[in-house]
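Please look over the chain below. The report then covers its fold, its surface and its aromatic rings.

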Amino acid sequence: TPRRDLPNGGINLFTDMPGDNVKNGLRRNEELERLRANVEETRKIAIYAEFDVKTQKKMMSERTKRNEKLAAAELAHLDAETKARRRACLKEFYDAEEERQAKELEAMGLSFAKQRY
């Protein structure tokens with residue numbers, strides 16, 4: 001198709017030889033074919049990259065879920081351990097307090113009735 005923005009449709013009557021337009025058309029077709037192949041290759045790479053990104057996201061999501069479960073289990077274990085330690089400390093405190101009160105009562109000549117449990 002002639003170019004309307006150039007005089008004579010872009011054809012130089014002094015330098016263009018007969019058949020040049022066919023050669024130029026073939027060259028342009030080859031260039032278009034190369035560019036189409038490049039576009040197709042780029043599209044394939046984009047598909048692979050998108051798949052890889054989705055795979056990475058899925059792996060991170062699974063890893064996060066697994067870590068959250070482990071953290072919850074560890075927290076439950078620590079909670080039980082804390083309760084056991086707290087009970088042991090309270091038992092030790094109450095035993096020491098009971099012993100102190102028994103000594104005070106004994107010093108006053110009184111006795112202390114211990115509860116059996």
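The text below goes from the whole chain to one pair of rings.

This is a predicted model: local features need pLDDT of at least 70, side-chain atom pairs count only at pLDDT 80 or more, and totals for chains, interfaces and linings use all residues. Residues are numbered from 1 along each chain as its sequence is written, and side-chain values use heavy atoms, with hydrogens and water left out.

**Whole chain.** The protein chain has one helix and zero strands. Helices (H or I, at least four residues) and strands (E, at least two) are DSSP runs, numbered from the N terminus. Of the 117 residues, 2% are buried. Buried means under 20% relative accessible area, exposed over 50%, and partly exposed in between (1.4 Å probe, protein chains only). The exposed area is about 11,500 Å², by the Shrake-Rupley method with a 1.4 Å probe. Carbon and sulfur atoms supply 58% of that area.

**The aromatic pair.** The whole structure yields one aromatic pair. Its members are Phe93 and Tyr94, with ring centres 5.6 Å apart and planes at 55 degrees. That geometry is tilted. Rings of Phe, Tyr and Trp (its six-membered ring) pair if their centres lie within 6.5 Å; planes under 30 degrees apart count as stacked, over 60 as edge-to-face and the rest as tilted. Phe93 lies in helix H1, residues 20-107.

| Residue | Relative accessible area | Class |
|---|---|---|
| Phe93 | 48% | partly exposed |
| Tyr94 | 52% | exposed |

**Surface patch.** Leu90, Phe93 and Tyr94 make a nonpolar surface patch of about 330 Å². Patch residues have over 30% relative accessible area and no salt bridge; like charges are joined within 9 Å, nonpolar side chains (Val, Leu, Ile, Met, Phe, Trp, Tyr) within 5 Å. A salt bridge is a side-chain nitrogen of Lys or Arg within 4 Å of a carboxyl oxygen of Asp or Glu.
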